[in-house]
Amino acid sequence: MFYQPKTVEEALAIKAELGLGARFVAGGTDVVVQMKKGRLSLERVIDLSRLGDLTEARLEDDVCYVGALCAHRTLETWPIPVLADAARQVGGPQIRNRGTVGGNVGTASPAGDVSVALLALDASIDLMSVRGTRTLPLREFFVGVGKTAIEPDELIVGFRFRRPKASGFYKNGKRNSVAISVVCAGASVWEDGSVAIALGSVAPTPLRLTGTEAFLRERGLGAEAIAEAARLATEEVRPITDHRASADYRRAVSGIAVSRLLTQLQGGAHVALV
Amino acid sequence: MSLSSNPSVPASLGDDQATYPLSFTLNGKPTEAQVHPLSTLLEVVREDLRYTGTKGACHEGECGSCTVLVDGVPMNSCLILAPQAQGAEIVTVEGLADGETLDRVQEAFLACGAVQCGYCTPGLLISAKAFLEKCPDPTPEEVRKGMEGNICRCTGYMKVVDAVVQAAKSSKGGCHAE
């Protein structure tokens, strides 16, 4: 009923044996709420809180690594603005102390602030099972609302990304804290001139703006190119109207977010737009 | 299906086990409880162990009224499965005072009248305690950011901010929070 493995290997072996009926629980900040609301049954729990190895996060000059069990608070002080500012926007302090990056991404909320930040860092995700480890670009991991490319026996173990030259995060929400994003956005630029832009709450999944990025690869980050990129972004998003905002509003905010982020990144500055 | 047939799977908690033996430190005292694996730490603390200072309100991790310290870090006890607290040091509002001597945050809340209905107060006190450890001499703005995970529906934030600033006054040093 409740398993508390001490190693990743033990956790994977239990999952392989129990299959779909068993659920990994890390911080529990989402799963426990869903259970209490009767939206999911937690008959067999594999508690990940004893797997210390996966809490590790390494900030390197080239490739950075974030373990799946790294709490949001760990990232709040990282000198990578898109990630630090996204982490600071998650819930309140108590949630950030408890909730993990792997849990946030695994939930696959279209509005996941940290998912958007990792997408905007062009991150890859490492998945492990008793069959071995595989790595996917994070943009291929999200396949629908709450749906991911993870196999039933797999565990998210961590994320890697190239350290950008500059990055920024933008959030539009109804309150300063404990508010789900109406639109959130992240962008990064690297030394080689590549740009990544991601938006949240504007499509069934956190969205990479690959079309807008391709345009910017051709045109650079001049004022005219940024204005056109912002317009392209409003065409690339696929928002819906819900109780938080209308589709039209989200579309407009998407353009503004992209325009502001790119304008700040143009100077190579590390930016915070929250 | 038999887990014990797989040597890499610990057999300590099989499917037939209805309760989990939880052993942890609660307000400095070694504490044991027999808990349902899907019960929350909030439920065990309040209902099984009768430490009713900790309140449950939203049960979604939004209001902060159930905040406790887990190994010194403030967390929502409504979101923690009780067995996850195995071996942890938990501090609830009952653990703040030293006997009859109130903690400085409790004194400051009293002095500033930072209480209305009082439902949110235990969580606010725990969050304030943890916040001042990280940030001993905060500005009112830093207090607002540091306490953002606690909601008071009586609209009583001003006096709470005053109280946290006042509790900090005996401390030296700047804000170490980020």
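Start by selecting Lys37(A) and Glu60(B): their side chains meet in a salt bridge, with 3.1 Å from N to O. Keep in mind as you look around that this is a predicted model. The pair crosses between chains: Lys37(A) sits in the loop between α2 (31-36) and β3 (44-47) of chain A, while Glu60(B) sits in the loop between α1 (41-48) and β3 (67-70) of chain B. Try showing the surface here. Lys37(A) counts as partly exposed because its relative accessibility is 39%, and Glu60(B) is also partly exposed, at 28%.

**More salt bridges**

Over all chains, the count comes to 22 salt bridges. Here are a few to visit.

Next, select Glu56(A) and Arg58(A), which form a salt bridge whose closest N and O atoms are 3.1 Å apart. Glu56(A) is partly exposed, with a relative accessible area of 38%, and Arg58(A) is partly exposed at 33%.

Now pick Asp122(A) and Arg208(A). Their side chains meet in a salt bridge of 2.8 Å, N to O. This pair links distant parts of the chain, 86 residues apart: Asp122(A) lies in the loop between α7 and β6 of chain A, and Arg208(A) lies in strand β14 (residues 207-208) of chain A. Is Arg208(A) buried or exposed? Arg208(A) is buried, because its relative accessible area of 13% is under the 20% cut-off. Its partner Asp122(A), at 36%, is partly exposed.

For a group of four, select Glu76(A), Arg96(A), Lys145(B) and Glu148(B), which are linked in a network of salt bridges.

**Into the nonpolar cores**

Hide the charged side chains and turn to the largest nonpolar core, which has 41 residues. Which of its residues touch the most other members? They are Leu83(A), Leu118(A) and Phe161(A). Colour the elements of chain A that each supply at least two residues of this core: β5 (63-67), α4 (81-88), α6 (101-107), α7 (113-120), β6 (124-129) and β10 (155-162). The most comes from α7(A), which gives 6 residues.

Centre the view on Leu83(A) and show what surrounds this residue. Leaving aside neighbours within four places in sequence, Leu83(A) is in contact with Val66(A), Leu75(A), Trp78(A), Val114(A), Ala117(A), Leu118(A), Leu121(A) and Phe161(A). Two of these names, Leu118(A) and Phe161(A), you have already met above.

For the last stop, select Val183(A), Val189(A), Val195(A) and Leu199(A). These residues are included in a second, separate core of 29 residues.

Notes
Residues are numbered from 1 along each chain as its sequence is written. Chains are lettered from A and ligands numbered from 1 in the order in which they are written. This is a predicted model: local features need pLDDT of at least 70, side-chain atom pairs count only at pLDDT 80 or more; totals for chains, interfaces and linings use all residues. Side-chain values use heavy atoms; hydrogens and water are left out. A nonpolar core is a set of buried Ala, Val, Leu, Ile, Met, Phe, Trp, Tyr and Cys residues joined through side-chain atoms within 4.5 Å. Buried means under 20% relative accessible area, exposed over 50%, partly exposed in between (1.4 Å probe, protein chains only). Helices (H or I, at least four residues) and strands (E, at least two) are DSSP runs, numbered from the N terminus. Contact means heavy atoms within 4.5 Å.
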